[in-house]
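Trainee: I am new to this structure and would like a close look at a single part. Please pick one place and go through it step by step, with each term explained as it comes up.

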Amino acid sequence: MKKQVSKLLGILSMLLIYGALFAQTGYRQISGKVTDEEGRPVVGVSVRLKQTDVATMANDSGSYTIRIPDITPQVLVFTYMGMKTQEVTVRSKDVLNVTMEAEITSLEEVVAIGYGTARKKDLTGSVALIDGEDLAKRNNTQLSQALQGFAPGVTVTRSSGLPGASGTIRIRGITTIGDSSPLVLVDGIPVENMDRVNPNDVENISILKDAASASIYGSRASAGVILITTKNAKSNQLNLEYQGTYGVVTPTQFPGTVDYKRYMEMINEVAWNDGGNQSGAEYSIYDKDFIADYAENNRMDPERYPITNWVKELINDYAPTVSHGLSMTHGNDFVKTKASLNYEKTDALYNNRSYEKVNGRLNNEFKITKFLSGEVAGSFFHSLGENTVVNPLSSAYKYGPLWRPYWSDGRISDGRNGTNSWARVNYGGFDNTWGDEVTGRVGLKFKPIESLTISGVIAPSVRVSKGKTFVKQIPYYNAPDATRTSGYVGGNLTTSLAESRGEVRTMTKQLTANYTPKIGADHNLSLMAGYEDYYMFHESLGASSDNFLVSDYPYLDRGLSDYALNSGNAVENAYNSYFGRVAYDYAGRYLIQANIRYDGSSRFHQDYRWASFPSVSVGWVASEESFVKNLNLQSLDFFKIRASWGTLGNERIGDYPYQAIMNFSNGLFVDGDGNIVSQTTAAQQSFNIRDITWETTESWNIGVDATLLSNRLSFTADYYKKTTHDMLLTLQIPLFMGYNDPDQNAGIMSTKGWEAQIGWSDWIGDLKYSVSANVSDYRSVMGNLSGTVFLGNQIITEGVEYNSWYGYRSDGLFQSQEDVDQSPLLSSVVRAGDVKYKDISGPDGVPDGIISPEYDRVPLAGSQPRYLYGGNINLSYKGFDAFLMFQGVGKQSSRLEEDMVYQTAGWYNFPDFVDGNYYSAYNTVEQNAQARYPRLSQLAYDGNNYKMSDYWLFDGSYFRLKNVTLGYTLPGKWSNYLKMSNIRIYASVNDLFSLDHYPKGWDPEAGLTAYMARTWNFGAQIRF
Amino acid sequence: MKKLILLTLSLLFILTGCQRLDLNPLSEGSSENWYNNEDEITLALNDLYRSSIWYAEANRLFNTDRWTDDWNQREYLYDWVAGSITGEWSDAENTWANTYKGIARANTILNSLDHAVENVSEEQLNQYKGEASFFRACFYSYLIFLYGDVPLVTSYISIDDALATGRTDKAVILEQIYKDFDTAIEYLPTSYTGLQRVTKGAAYAFKARTATWMLDYPTARDAAKACMDLGTYSLHADYSALFQPSTTTSPELIFSIPRSRELTGSGLSVSSMITRNAGGTATAQPSWELFCSYTCTDGLPIDESPLFDRVNPFKNRDPRCAAMFVEFGTPHLGYIYDPGATTVLNLSTGTQVENKDALLKDQYAAYNGMCLRKFVDQDWVTYKQTDMDVKIMRYADVLLMYAEAKIELNEIDVSTLDAINQVRARAYKVNVGETTLYPTVTEIDQAKLRTILRNERRVELAWENRRWFDLIRWKLAEVALIRPVYALPTKAGLAANIASGDYFFPKDALPEIDDNGLVDFSTLYETGKIRAVVPRSFDKRQYLFPIPSKEVIINKNIKQNPGY
């Protein structure tokens, strides 16, 4: 890290010296012509030398001349009402021609809509837009996580703050049981993972939420579509921009555990409870004296009587994160080029884990003739995830305090009987993954006549992945005075290596034609037709070897050849599509659009392969009506009502679902000589359903868009209804059929939801501010399914919400043995202090006096988050800017996982918040009546208490302050002095705090083996 | 200009030629055109040998022994023996699902063999038919033993048909099983020169086992006798050597499934059965009940034999006792094993080291002071894993099944006693005829011989996944599995025992062994010199597994077993 900083400083000082060397006094004259996008001269443009009073104005023919000091670089600012202000850097040439672009209000903004663009005000579907600048401000280098809280109806859930972790994106909730991830396209080409795009390269993102917007992507759009448009150069642009951040990651919180004394007492209590609470057996594991003397023994002989804080041993207080980005932009009338390169590295909060990535992107546009233009673009992505052979996070809060990770002289101890995550993290080898992706895109745009554009694109991509898991043998010493190793740490008994390689090749080809005939002043018609196909090939191989004689050479030939194993696999899939769109509006007032897509997928049998997905949408811009205008509602700038209907498809269910596949495995036999040999075996493992076909989602949407009070207040709201037919579900088939459950076109799911966004922006003097907030909700209920999907603690079945919690209804804790004796029980291990369940039914439809999983489990509550909200505040005052972002969930039924409230195995520690709050034979009756947690018992843990029941459901809603950023742009004279055109420095913090009902130490978003990190960033943006 | 337009357009079309959509699996076969030749059928048959299909035997090491009175694991009780199982219990679901997978695959082979009529000889096809029938019969035998009545499926079945299917009387299924075994017996060869596949002998043996499970002793007698009469099998000379993981072939082995760390990259964890001095956790031990079941060298149980020495309980015992348990004071895995000593000899360094296998020094040492010897080799310490094969059927079992059938039919004769004596003589490494060198069984009273036979099965087949099946079919679980798990007292109590000379077996109390060979320690417990660690419980509903909940919930024709 130090090295990188000094390197950077070196580069900066070189640049400074360079600038100073060429500094000369004297003046030079710059002249040029200012035109609009059509090439017509713009009269009266103000031309001013930045940060000075030196200024002039363009004449009648658009020409200007200005005399400026002869130092480089200098920046000229071109300003004109109704046009975008442009800053152009003066280089060696004395002639500087400038093309001005019309300034657009947000409604005039052009957005990507799938094989084309549209003005925001002409949209008739439900499209959320995210500006690249807002994203960049968040300083979250994982694009998926950066989207959290930005747009209504776009749910981003995180389960980890570990380096390189992605967010899970759902648009308008769950659509299918299979893959509910939206289709992501970068510049029109589908990609696998949006996190391979650097947020700084993003110009904007359109999220197509309803069927009318998304149906142009037909078969793969049922979970919504995310269109990412990357930045390209504009005319007259030439700049170099550097952006760098340095930050530290600190954990938000970690679960706490009881101390060594309570640990021993509670372990004894478990054994005492499970042994039947015989008097005299209270101290069956740790003698009373042993516990009483432990502190003193620890003082005298900490080797033999340790008190270990495993969180301290395993988790670091902070971890560094760093990023550097460089981009170069150049545009003129013929060529527009933007190149960017970004590097990022983040360490985890434990040793030997980090994530590093490099993004490169190059966008080129060429205007070849008046009729022909072309584009060549490409991106490169490289990642390296360095990881340890074990994730120590759960060890940190589970390991008991009476064992040591290492002896005081540094030798590795046996931990507990050879279980030692500390040794594995620090000396256990590595589990690294490399990923490289290259995407390319070549396109030609042919414009034979003004109203017709034909374009063809081919976009190949290659993705290779490499994994290497090197597990090193770790000898341990099990007594402080022993000189001999006495065993090897569990999981690292031998030295072994497993390598994997994967390759994915895809090819997307598109041919589209856009026709926009001129048919009169008020009639706007545009037609689009196209063809697209896609092919994907994936091949993987694995090889491993074990029993390495030396532990320092992670290469396969060092292992014993007897232990060498190989594996391999390949799949492919493809689709063909034809699509078209008609859009018409009358005077920008009445809008109508219709789309259709006809798709064929290799995943289905040829008789069930093709399906068409139509949609239609209408809009009425009321504010354009003369009778509305006549009302003189000064405050109403724009008001549009939209309605849409359409269908979407989904086919993401494995590559050959209709085929009866013989899966190969290996079986072992003894040969004639008594040797064990491996033989190939073949069996059809999954049931095949020959007529499986598309899942179809039909959706209705109505919405309004309005801006009021001189465009200061904006408001958007949508209500939608979705019905998924022939839903692809993995229904439970009778186990005795002997096959794995197949995907089936099984049933119906109905979703109703709404979302709203409101924004306000204004200024008071030099203070500019904007505030935006959004909220959304949906509820998905299962209709007629021809079966049930069991998901452990959740269920998908008719009449209840998708993925409902499924389990027993609880009735508090048993307070007495009499109550136990008189109650229906799940098993014979139940005693006073265990969770009591309600007898709901039996084989004859009435309570049968037994608690049984067949008849007494019911859907308990929905598991999906409700009332998701987010918002942000932008402030700027002179050179200062500030950004604040929050996000949360208004309502959710969450489960207290076993690992949060009780540790499962004998030597695992207990959470501190449970102590004093559980049912115990040592408690008074009153204390037990108020106990939140059941008695300590391993038998009842397995046999009763932690079965899924509503006893463990709690309010999982939360509010989180996601990001606060403060920035300062240096005054022009300072940056001029440094020979730079713009310098902004900033500090930001992500995930500062949350308000929630989770037990102490648990983050509402982090999974059981992850954490949420608080990231403090300091950075600079420098433009030359 | 026009040329350019044409050129551009044609280029675009060339670039975007249609993508082919008829794609087939690249790395897997298609079952629609499978089973056409010997290779394809053999590959399909091979699948039936996989350990995942033989779930009831190969699911975990010492699978069902963990639920019996032969097993101690500190205060831990497996859910079956804790009495907390329901239809959600993973063993009930996985055994059911995996066993039915085997049945579906065997059914498909049996129903598809006619695809290969053109390419494969009738004789060969018959052998395949015999092989697939063997597996189908075995799998159904587990199901009816474990679950009672189950759905009977012998051919392709659609989802709708399956949802309309209920449980078939197990007597009907038993007929189907016998029919399949008979097909296997008819067509399978007695041995193979190359790969060892299932044999005629295996079909007889498993038919006998199924019959003993179903208490159909005439069939058991005949099938076992037929297996013995083949002359193919004999007892391995050395009892201990048979269980060394390196022993993969023996004339005693009738059917086993090999495991191999080399070929699969994984083994089964055994840390819990390795001593703490050698780096294990010593969590699980063979029980005192099992220890007390080995007779003395006079053939009498320890509570009757004058040869039993309470101070040195390993003395004068059936040799299989020391083959199963590590005798105190003998070397084991690099150390002298002695749970009563504070220090022991480290054999590789020749130094005395603190004894982590004594409760006096380590509160987590083996609670009952015992340690497993059978099956253990040095590899256990090196890898904390084993890849020993799953011995599912061996000849000693066939001999004992024959004897048991004869006893139950009250046809006790020379062949009955001879079958038991063959097994017992081998334990003493002597010939069955050398009757002075081992405690020959001569008892001809049915009840008394039954006691001897049951005990013989227990000690001969200890920790081979047979005890639990025996306790269930003999309906002894309700007696054996309601007694607590006993152990040595903790540190202070143990030190006092040793000081008073009551270490291991108190001087003035002996466990009582009943007519079923079940061992009762309550007299010892009353002395206060041992402790009861955890109570076992057994509900009679557990004579059958619960049907998996999912199966009951989705199919109205399937009702749960009573009591669950």
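Mentor: What follows is a look at the interface of chain A and chain B, and then at some strands and a salt bridge elsewhere in chain A.

The model is predicted, and local features are given where pLDDT is at least 70, side-chain atom pairs count only at pLDDT 80 or more, and totals for chains, interfaces and linings use all residues. Residues are numbered from 1 along each chain as its sequence is written, chains are lettered from A and ligands numbered from 1 in the order in which they are written, and side-chain values use heavy atoms, with hydrogens and water left out.

Start with the extent of the interface. On the chain A side, 115 residues are in contact with 116 residues of chain B, where contact means heavy atoms within 4.5 Å. The area buried between the two chains is about 9600 Å²; this is the accessible area (1.4 Å probe) that two parts lose on being put together, summed over both. Carbon and sulfur atoms give 60% of that area. Three residues, Phe669(A), Leu735(A) and Phe736(A), supply 9% of what chain A buries against chain B, more than any other three residues.

Next come the polar links. Between chain A and chain B there are 27 residue pairs in polar contact, both residues being at pLDDT 80 or more. A polar contact is a pair of N or O atoms within 3.5 Å; within protein, one must be able to donate a hydrogen and the other to accept it, and residues adjacent in sequence count only if both atoms are side-chain atoms. The interface also holds 4 salt bridges, each a side-chain nitrogen of Lys or Arg within 4 Å of a carboxyl oxygen of Asp or Glu. Asp22(B) and Arg609(A) form a salt bridge with a distance of 3.0 Å, N to O. On the side of chain A that touches chain B, strand E28 (residues 560-586) gives the largest share, 12 residues. Helices (H or I, at least four residues) and strands (E, at least two) are DSSP runs, numbered from the N terminus. By class, this side of chain A has 57 nonpolar, 41 polar and 17 charged residues. Ala, Val, Leu, Ile, Met, Phe, Trp, Tyr, Cys and Pro count as nonpolar, Asp, Glu, Lys and Arg as charged, and the others, Gly among them, as polar.

A sheet also crosses the interface. Strand E32 (residues 661-670) of chain A pairs with strand E1 (residues 29-30) of chain B in the antiparallel sense over 2 bridges; two strands pair if DSSP finds at least two bridges between them. In E1(B), Ser30(B) is the bridge partner of Ile661(A), and Gly29(B) is that of Met662(A). The whole is an open sheet of 3 strands in the order E33(A)-E32(A)-E1(B), with antiparallel pairing. Its edge strands are E33 (676-684) of chain A and E1 of chain B, each pairing on one side only. Strands of a sheet pair through backbone hydrogen bonds, either parallel or antiparallel. Helix H2 (residues 38-46) of chain B lies across E32 and E33 of chain A and runs at about 100° to E33(A). Axes are lines fitted to C-alpha atoms, for helices over the stretch in contact, and angles run from 0 to 180 degrees between N-to-C directions.

For context, consider some strands within chain A. Strand E17 (residues 237-251) is joined to E18(A) by 13 bridges, running antiparallel, and Leu240(A) has Met328(A) as its bridge partner in E18(A). E18 (residues 319-331) in turn runs antiparallel to E19 (residues 335-347), with 11 bridges, and a hairpin of 3 residues connects E18(A) to E19(A). E19(A) then pairs with E20 (residues 354-367) in the antiparallel sense over 13 bridges. The hairpin of E19(A) and E20(A) has 6 residues between the strands, and Asn352(A) in the turn has a positive phi of about 65°.

Finally, the whole structure has 93 salt bridges over all chains. Among them, Lys398(A) meets Asp899(A), with the closest N and O atoms 3.1 Å apart. This pair links distant parts of the chain, helix H8 (residues 393-398) and helix H12 (residues 898-901) of chain A, the two residues being 501 residues apart.
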